[in-house]
Amino acid sequence: MKKFLKIIIIVFSLILIKLIFSTVLNETIKVNFHNGVYNSKLIKALYVFNVNESYIVYYNDGNISYKKNNYDAAIEKYDDALKKNPPKERVCDIRINKSLAMVNRINSKDNKTIYDELEKAKENLYEDGCANKEDDNGESEKAEGLEKEIQKLQDELDNSSSSDDSDDQNQTDNSENENDDTKDVEQDLKEIQKEASQSREEDMKNSEYIGNFKYYSGKRW
């Protein structure tokens, strides 16, 4: 009986140590994150200590890559997080950050390329029903808001491209309109990328884990 009791005490002690270490490490990462220090080495330690919620570590790692403007790495980590069976209420948060990373990595002045990349970011939001292609009844209101912002950019691109079909008589005027539309698209895209990169300070202050932070909040990215 005493031996069994000792085993139980040891098991609970190990669990307690794990929880304490995980909490302290998460808090350290959160403070660093808040201060603009993105140390991926610290977060990698959580790959061992967050086995029961492994998606969080990949999500955290993706957030750090995102903040370091390494969007390809962030997208890869968000994909890894989605493969780790996150709870339903967390899936859309991951997909929102993934779409933001997809938007931020766009680095082209070619309208078709921009449009196609935006479409991929939008299609990602349709996965798992986070946003709905037909109406506004997706699982996540924030995903729906982001989908609308992306669609707005695509509409501007369509308007810019439509000027290419004008007749020769209005070629000069249409050329000026096309330049204006292109500038509007580039400006809006840069604004979205800028806003998407802003840290969500209010979310950090209220979150125990860095994995609970969100980048998109309504129409303010």
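Helices here are DSSP runs of at least four residues, numbered from the N terminus. With that in hand, let us walk through this predicted model. Read along the sequence, the protein chain follows the pattern α-α-α-α-α-α-α-α-α-α. In other words, there are 10 helices and 0 strands.

Before turning to single helices, consider the chain as a whole. Of the 221 residues in the protein chain, 40% are buried, where buried means under 20% relative accessible area. The contacts tell us about the fold too. Among those between residues at least 6 apart in sequence, 60% join residues at least 24 apart.

Now find helix α4, which covers residues 54-67. Its 14 residues should span 20 Å at 1.5 Å a residue, and its end C-alpha atoms are 21 Å apart, so the two values agree. Is α4 mostly covered or mostly open? It is mostly covered, since 13 of its 14 residues are buried.

What does α4 pack against? One partner is helix α5, residues 71-83; the two axes come within 8 Å and cross at roughly 165°. Angles over 145 degrees count as roughly antiparallel, which is why α4 is described as roughly antiparallel to α5. The crossing of α4 past α5 is left-handed. On the α4 side, the residues in contact are Tyr55, Tyr58, Tyr59, Asp61, Gly62, Asn63, Ser65 and Tyr66; on the α5 side they are Tyr71, Ala73, Ala74, Lys77, Tyr78, Asp80 and Ala81. Sorted by class, this contact has 9 nonpolar, 3 polar and 3 charged residues.

Let us stay with α5 for a moment. This helix has 13 residues and reaches 18 Å from its first C-alpha to its last, close to the 18 Å expected at 1.5 Å a residue. Its buried residues are Tyr71, Ala74, Ile75, Lys77, Tyr78, Asp80, Ala81 and Leu82. Several names may look familiar: Tyr71, Ala74, Lys77, Tyr78, Asp80 and Ala81 are among the α5 residues that meet α4.

The loops on either side of α5 deserve a look. Asn69 sits in the loop between α4 and α5. This residue has a positive phi of about 65° although it is not a glycine. Is Asn69 buried or exposed? Because its relative accessibility is 51%, Asn69 counts as exposed. On the other side, Asn85 lies in the loop between α5 and α6. Its phi is near 55°, again a positive value in a residue other than glycine. Asn85 is exposed as well, with a relative accessible area of 69%.

Following the chain past Asn85 brings us to helix α6, residues 88-104, which packs against α4 at an angle of about 25° with the axes 11 Å apart. Angles under 35 degrees count as roughly parallel, and α4 and α6 are therefore roughly parallel to each other. Their crossing is left-handed. Tyr55, Tyr59, Asn63 and Tyr66 in α4 meet Arg90, Asp93, Ile94, Asn97, Leu100, Ala101 and Asn104 in α6. By class, that contact has 6 nonpolar, 3 polar and 2 charged residues. Notice that Tyr55, Tyr59, Asn63 and Tyr66 also appear among the α4 residues that meet α5.

Our last stop is helix α7, residues 111-126. How do α6 and α7 lie against each other? They pack at an angle of about 180°, with their axes 9 Å apart. That makes α6 roughly antiparallel to α7. From α6 come Arg95, Ile96, Lys98, Ser99, Met102 and Val103, which meet Leu118, Lys120, Ala121, Asn124 and Leu125 in α7. These contact residues divide into 6 nonpolar, 2 polar and 3 charged.

As for α7 itself, its 16 residues reach 23 Å from first C-alpha to last, close to the 22 Å expected at 1.5 Å a residue. Buried in α7 are Asn111, Ile114, Glu117, Leu118, Ala121, Lys122, Asn124, Leu125 and Tyr126. Among them, Leu118, Ala121, Asn124 and Leu125 also take part in the contact with α6. After α7 comes Asp128, whose phi is positive, near 60°.

Terms used:
Residues are numbered from 1 along each chain as its sequence is written. This is a predicted model: local features need pLDDT of at least 70, side-chain atom pairs count only at pLDDT 80 or more; totals for chains, interfaces and linings use all residues. Side-chain values use heavy atoms; hydrogens and water are left out. Axes are lines fitted to C-alpha atoms, for helices over the stretch in contact, and angles run from 0 to 180 degrees between N-to-C directions. Helices (H or I, at least four residues) and strands (E, at least two) are DSSP runs, numbered from the N terminus. Angles under 35 degrees count as roughly parallel, over 145 as roughly antiparallel, 65 to 115 as roughly perpendicular and the rest as oblique. A crossing is left-handed if the near helix is turned anticlockwise from the far one by less than a right angle, and right-handed if clockwise. Contact means heavy atoms within 4.5 Å. Ala, Val, Leu, Ile, Met, Phe, Trp, Tyr, Cys and Pro count as nonpolar, Asp, Glu, Lys and Arg as charged, and the others, Gly among them, as polar. The expected span of a helix is 1.5 Å times one less than its number of residues. Buried means under 20% relative accessible area, exposed over 50%, partly exposed in between (1.4 Å probe, protein chains only).
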